[in-house]
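Please look through the model shown here, beginning with its charged side chains and then turning to its nonpolar interior.

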Amino acid sequence: MAPTPGGNGRTRVHVVSDVHGNARDLARAGDGADALICLGDLVLFLDYADHSRGIFPDLFGVENADRIVELRTARRFEEARELGTRLWSGVGTDRATAIEGAVRKQYAEMFAVLPTPTYATYGNVDIPMLWPEYAGSGTTVLDGERVEIGGRTFGFVGGGLRTPMRTPYEISDEEYAAKIEAVGEVDVLCTHIPPEVPELVYDTVARRFERGSRALLDAIRRTRPRYSLFGHVHQPLARRMRIGATECVNVGHFAGTGRPWALEW
C-alpha cells in the first residue's frame, strides 16, 4: 500500500542505491520520509576504496584484494579471473556455498533495518533468489513493476547488463529491455543502472565506462518521466543531467556518504 502523505499534505521519499554493506546508515536512511526507495547492491563483495572491507578480503586477505582491484582497474579481466580461480581452489568449501553464506549474513543485517514502507529492486551484485527470505512485510520488492507513492507512479527495473565482471544479476539486453517495456509510462523511473549516456556511465575513479542501458535511454526520451533515478556508477562524471523533460539523478553514493537523496512533492 502506498504511504499517506505527511501532515502538510506533501510526500517525501528518500532514495538510496549501492548500499554495499553500510547497514549503520541504512538504518537511518528513512528518517523524516514517508517511504524509502532502495535501488540495490546491498552486498559488499569488495570495497574499491578500502580493500580490507567485503567478502573477498575476508576470505583471501587484503593483499589479494589489492591485486585483484589492480587487475580489474587495468581491465585485465582474464588475469583477474585466473587469480580468482587459484584463490578459490584453496578454499575448503565450494565457491557458491562460501559466497551464499557471506551474502546471507549481510542480507540478514541490512533487511532487518529497512523502514516501513520500503520499495526495493535488485542491483547487479545482489542475489534475487535470496531476497524473499529476508524482505519483511514492510518491504515491497519490484522488478519490471510499478507502484503508486503519494499520487505518483514509480516504475522499478533491477539488475545490470552483462559485463566481463560477471556479477550475479546480469541479464541480456533483450531481457532488460522487456522489463523497461513492462513498466511503461511512469512519473519516476527507478533503475539500478543508468541510461547509456557517456557522462552518466563513466566512473572517474575506476577510469572506465560502466554499462548503461540503451533501452532505458530510449524509454526516457519516449515516455518523458519527471525523474530517472539510478546508481551503479559510484563516482560518475556527472551526477545529474537533463534528458529532454527528464531529470536524471545518480543516487549511487550511499555507501560512501551515508546520505539518501530526497524527493518531495
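Is Glu-79 buried, partly exposed or exposed? In this predicted model, Glu-79 has a relative accessibility of 33% and therefore counts as partly exposed, since that class lies between under 20% for buried and over 50% for exposed. Its salt-bridge partner is Arg-76, with the closest N and O atoms 2.8 Å apart, and Arg-76 is likewise partly exposed, at a relative accessible area of 32%.

Side chains of opposite charge can pair when their charged atoms come close. A search of the whole structure finds 18 salt bridges, and a further example is the one in which the side chains of Glu-100 and Arg-104 meet at 3.0 Å, taken from N to O. Because Glu-100 and Arg-104 stand four residues apart in helix H5, about one helical turn separates them. Glu-100 counts as partly exposed at 26% relative accessibility, and Arg-104 falls into the partly exposed class with 24%.

Arg-104 also forms a salt bridge with Glu-133, where the closest N and O atoms are 2.7 Å apart. This pair links distant parts of the chain, for Glu-133 belongs to helix H6 (residues 131–134) and Arg-104 to helix H5, 29 residues apart. Glu-133 itself, at 51% relative accessibility, counts as exposed. Elsewhere, Arg-10, Arg-12 and Glu-264 are joined into one network by salt bridges that share partners.

From the charged pairs we turn to the interior. The largest nonpolar core comprises 55 residues, and those with the most contacts inside it are Val-16, Val-19, Leu-26, Leu-42, Val-103 and Tyr-107. The elements that contribute two or more residues to this core include strand S2 (35–38) and several helices, among them H1 (23–26), H4 (77–89), H5 (95–111) and H9 (214–223). Helix H5 gives the most to this core, with six residues; this is the helix that also holds Glu-100 and Arg-104.

Val-16 offers a closer view of the contacts made by one of these core residues. Leaving aside residues up to four places away in sequence, Val-16 touches Leu-26, Ala-29, Leu-36, Ile-37, Cys-38, Leu-39, Val-251, Phe-254 and Pro-260. Apart from the largest core lies another, of 20 residues, which includes Ile-149, Tyr-227, Val-249 and Leu-263.

Notes. Residues are numbered from 1 along each chain as its sequence is written. This is a predicted model: local features need pLDDT of at least 70, side-chain atom pairs count only at pLDDT 80 or more; totals for chains, interfaces and linings use all residues. Side-chain values use heavy atoms; hydrogens and water are left out. A nonpolar core is a set of buried Ala, Val, Leu, Ile, Met, Phe, Trp, Tyr and Cys residues joined through side-chain atoms within 4.5 Å. Buried means under 20% relative accessible area, exposed over 50%, partly exposed in between (1.4 Å probe, protein chains only). Contact means heavy atoms within 4.5 Å. A salt bridge is a side-chain nitrogen of Lys or Arg within 4 Å of a carboxyl oxygen of Asp or Glu.
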